[in-house]
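Colleague: I am new to this structure and would love a close look at a single part of it. Could you pick the place where the two copies meet and walk me outwards from there?

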There are 2 protein chains.
Amino acid sequence: VRVVDVVASALPAGRVVTSESERRAHAHDYWALEAIHDLGGTPAEPPPAVVYPEATSEVATVLEIAQQHRAPVVPYGLGSGVCGGVRPGREALVVDLSRMNRVVEVRPESLVAVVQAGLNGGECERRLGEHGLTLGHFPQSIDRSTVGGWVATRASGQLSTRYGNIEDLVLSLEVVLPGGRVVRTFPAPRASTGPDLRALFLGSEGTLGIVTGVRLRVHPVPTHERRGAWAFASVADGLDACRRILRRGGTPAVLRLYDGVESDRNYHVGTDKVVVLALDEGDRPVVDGCFAVVEDVMSGAERLDDSLVDHWLAKRKDVAALEALIKVGAVVDTMEVSGAWSDLPAAYDAVVAAMSAVPGVLAASAHCSHSYLTGGCLYFTFGGRPEVAEGAEPTVAEREALHRAVWEAGQRAALAHGMSVSHHHGVGLHRGQYLPDALGGGFAVLAALKAALDPTGILNPGKLGLPSPFGPVELP
Amino acid sequence: VRVVDVVASALPAGRVVTSESERRAHAHDYWALEAIHDLGGTPAEPPPAVVYPEATSEVATVLEIAQQHRAPVVPYGLGSGVCGGVRPGREALVVDLSRMNRVVEVRPESLVAVVQAGLNGGECERRLGEHGLTLGHFPQSIDRSTVGGWVATRASGQLSTRYGNIEDLVLSLEVVLPGGRVVRTFPAPRASTGPDLRALFLGSEGTLGIVTGVRLRVHPVPTHERRGAWAFASVADGLDACRRILRRGGTPAVLRLYDGVESDRNYHVGTDKVVVLALDEGDRPVVDGCFAVVEDVMSGAERLDDSLVDHWLAKRKDVAALEALIKVGAVVDTMEVSGAWSDLPAAYDAVVAAMSAVPGVLAASAHCSHSYLTGGCLYFTFGGRPEVAEGAEPTVAEREALHRAVWEAGQRAALAHGMSVSHHHGVGLHRGQYLPDALGGGFAVLAALKAALDPTGILNPGKLGLPSPFGPVELP
């Protein structure tokens, strides 16, 4: 008896879909290597079926059956991950949460909202907006990702310096464990009642449980805003300004630095200027206080026109340029890492140099997308084309080899300069190889967690660098 | 062969101490029930020995031997917990971290400091102060607690609205697991590399590993300060003001509300006034912006003299009055819980009423000590005396019974109104009974974590509501 049939017979009609198109649509996420394979005619094998639960109890049923049958299961939001985190391979059932998309409760007085995990991010914002509220979480993928996906990947939004990252915005979780047990963590604003169980599932990428419900901390829609743009002579100078803003307690919602290449590409200011944008929003005195710090720190820099911020706002969800390049066979991707302020300038130089040194790379650049009191996130972009005989078209294997070589060079250079493996894109399949070394002895703890919560290993096998007891989920 | 002797022979001379006085000094923490028993002549049984490791490798040696011999071990900081969290019972070796008290590294540019876990909190502040830095973590116990103890108990400081609680201040941890494996979590300012492993040990109360090193986020010493004090007509009105300050983005380092009883007891303003104190510190524009929100929200309240804040600052570490009451046989204790803003007023009323209804209770009151965007911490204090025949002195059993009855009444009332089991005092022994229900299915997850990381159950057995495979650690 096939597990798909058992699941189908245990759930109401219409929950299990096995059409070719649905299966293909769930065969991978936005991982750049998948695009290379799709374009080259060697696409990912589709999963056997897609399950669309409509209630937590249905997710529990799926995980009870899956555990009994030792069948692999991959939870799926809207598939906008970029590291292969939802790649099911040919065996795993995909559990698509997108029908669990209700706003369950809004408590405006306490600034709390409870939503189902499959709610689309943009829709979540629109629904909160009806109450005069915002989550304040604006990833570039907001319209093609879910709240549950944000939790599973430890996502960051573009306004995180004011509102926090997803781990700061989650008050409690409803999670279904392998076997079907439902856990609802306690929704206190803060507690000391043992280890924080939310943290187990934030960033677990579907390997420890399936997130079905999320209680969120929300904010009033802002009533005041300030913007500014400045230019520095070097990445190091600009990073130092960001550092000093945070150090003085300035937390502008947006604080973005672009190296010369990206400053010119995005803002046409020439490649000798390092653009820094700042935007804050919220209540007037708080925003003005923050911006007084920003402007004081920036006083030595060249002031640019505020329209640069307008331009960024207009384009911030736009990935069309990247997608166009991919469609014509270019090898392009992004790689974000994080580290301490004092390590960032050297890490920037080293990663750009390491990527650029790979034959075939035509461009490598970075911006700083998130700032913290102790450090920030460097977000690299690279592009290139395999060096092949004139007139010849690069093969899939050549494109994949170039992608992997650039990534390896960049990630190793980043790690050698004290950077983390990932800031907010997660690990998925692509970065799993780096995790055992990078977790500082913690990988054994992660493996112990996996064994404790998912003893049969059915949940999203092979991700986070963990071994898969099933067939391979790697690329062909 | 006794495990104490094996440990003693494996470590350098002087590490294992078995003197009566040292053993007695480590027999319990500041749990109110211990004071009742000490006073009544039925003190806790002392542990067999106290081990003072001086390096992480020595802690690893202890936990390797302890696991081999299946011998219980209790990590110990400075013993200022108030829930029985370090009670060893007669079998467990106490591992006192206080000799591991070095400041390992300070990186002023990146605002990072690395310290050993046994460092005294007040000493940590003094050492950071030499660099113009502060951690910003000021629990009442700062001079009688350690950095590692803060981590293990998920502590909060009195200035947390500006600086954050301990989980916000910890960048990474060095932890020794049962068996002796050392884990050093990755020190990124923020990452998405699987579940946040710090969270396993923050609040673990010594049940999952022994914290030996802590990498901290620190702040520049503040250059500007604002203070204010106001009076409201009711607890509900005052709480609503606190709520509105946070909602507008105001994060004054200190925001404290006292009910009528505590307002009069501390500030002699009569019992019909609910005092709210605010203090902020940091960089001038940020502090002024925050205080503009505070003063705007408070504009409808009666302004009191700033000297009330001075008085609070002068007395904030003072527990002499409470200790004096305990010494003369009064039954007194505190109980802190947290919940959503909209639940707090009713929870306040219910808990005070429930405590007051217990025969023998003479006073029950509360303040709100910590505020968040979505809610706050209600910190109750109760005092009483068992009702005994005139002229008779209450027995230990009668005092303990009164304490347990008041606590049970208060904690149950709090839970019934949506409050957490604990805000920052942790669980220890006293609150373990409430955890299975309160964790919303998460208790099984906690038990699975325990089994995964401490399979022989040697670490701080019987705490957090987890079963002890060894002898009882309860009170006589």
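Modeller: Happy to. Let us start with the meeting of the copies: 100% of the interface residues of chain A are also interface residues in chain B, so the two chains meet through the same surface. Please keep in mind that this is a predicted model.

The superposition tells a matching story. A turn of 180°, with a shift of 0.0 Å along the axis, lays chain A on chain B with an RMSD of 0.0 Å. The two copies are thus related as by a two-fold rotation axis. If you want to find that axis on your screen, look for Gly289(A): of the residues of chain A, Gly289(A) comes closest to the axis, its C-alpha being at 2.3 Å.

A good place to see one chain touching the other is Ser156(B). You will find Ser156(B) in chain B, in the loop between α6 (147-153) and α7 (160-163). Its relative accessible area is 4%, and buried means under 20%, so Ser156(B) counts as buried. Among the residues that Ser156(B) touches is one from the other chain, Arg190(A). Its contacts within chain B are His137(B), Pro139(B), Asn165(B), His370(B), Tyr372(B), His423(B) and His424(B), leaving aside residues up to four places away in sequence. The chain also brings Ser369(B) to a C-alpha distance of 9.8 Å from Ser156(B), although 213 residues separate the two in sequence.

Step back into helix α6 of chain B and you meet Gly148(B). With a relative accessible area of 9%, Gly148(B) is buried as well. Leaving aside residues up to four places away in sequence, Gly148(B) touches Ala117(B) and Val211(B). For Gly148(B) and Ala92(B), the separation is 56 residues in sequence and 19 Å in space, C-alpha to C-alpha.

Now over to chain A, for a helix with a buried side. In α13 (residues 307-315), Leu308(A), Val309(A) and Trp312(A) are buried. They cover an arc of only 100° around the axis, which puts them on the same side of α13(A). The spacing fits a general rule: an α-helix has 3.6 residues a turn, so residues three or four places apart point the same way. And what lies over these buried residues? The cover includes the strands β12 (224-232), β13 (254-258), β14 (274-282) and β15 (302-304) of chain A, together with the helix α11 (260-267).

Further along chain A, you can see a nonpolar patch on the surface. Leu322(A), Leu325(A) and Val328(A) make this patch, of about 250 Å². One of them, Leu322(A), sits in helix α14 (residues 320-327). Leu322(A) counts as partly exposed, because its relative accessibility is 31%.

Let me finish with a backbone detail that you can look up in each chain. Leu464(A) lies in the segment after α18 (442-453) of chain A, and its phi is near 55°, a positive value in a residue other than glycine. At 0% relative accessibility, Leu464(A) counts as buried. In chain B, Leu464(B) is likewise in the segment after α18 (442-453). Its phi is positive too, at about 60°, although Leu464(B) is not a glycine. Leu464(B) is also buried, with a relative accessibility of 0%.

Notes: Residues numbered from 1 in each chain as written. Chains lettered and ligands numbered in written order. Predicted model: local features only at pLDDT ≥ 70, side-chain atom pairs only at ≥ 80, totals over all residues. Heavy atoms only, no water. Buried < 20%, exposed > 50% of the residue type's maximum accessible area, 1.4 Å probe, protein only. Helix = DSSP H or I, 4+ residues; strand = E, 2+ residues; numbered from the N terminus. Arc of directions from axis to C-beta. Contact = heavy atoms within 4.5 Å. Least-squares fit on C-alpha atoms with pLDDT ≥ 70 in both. Patch = residues over 30% accessible without salt bridge, like charges linked within 9 Å, V, L, I, M, F, W, Y side chains within 5 Å. Areas by Shrake-Rupley, 256 points an atom, 1.4 Å probe, with all protein chains shown as cover. Salt bridge = Lys/Arg side-chain N within 4 Å of Asp/Glu carboxyl O.
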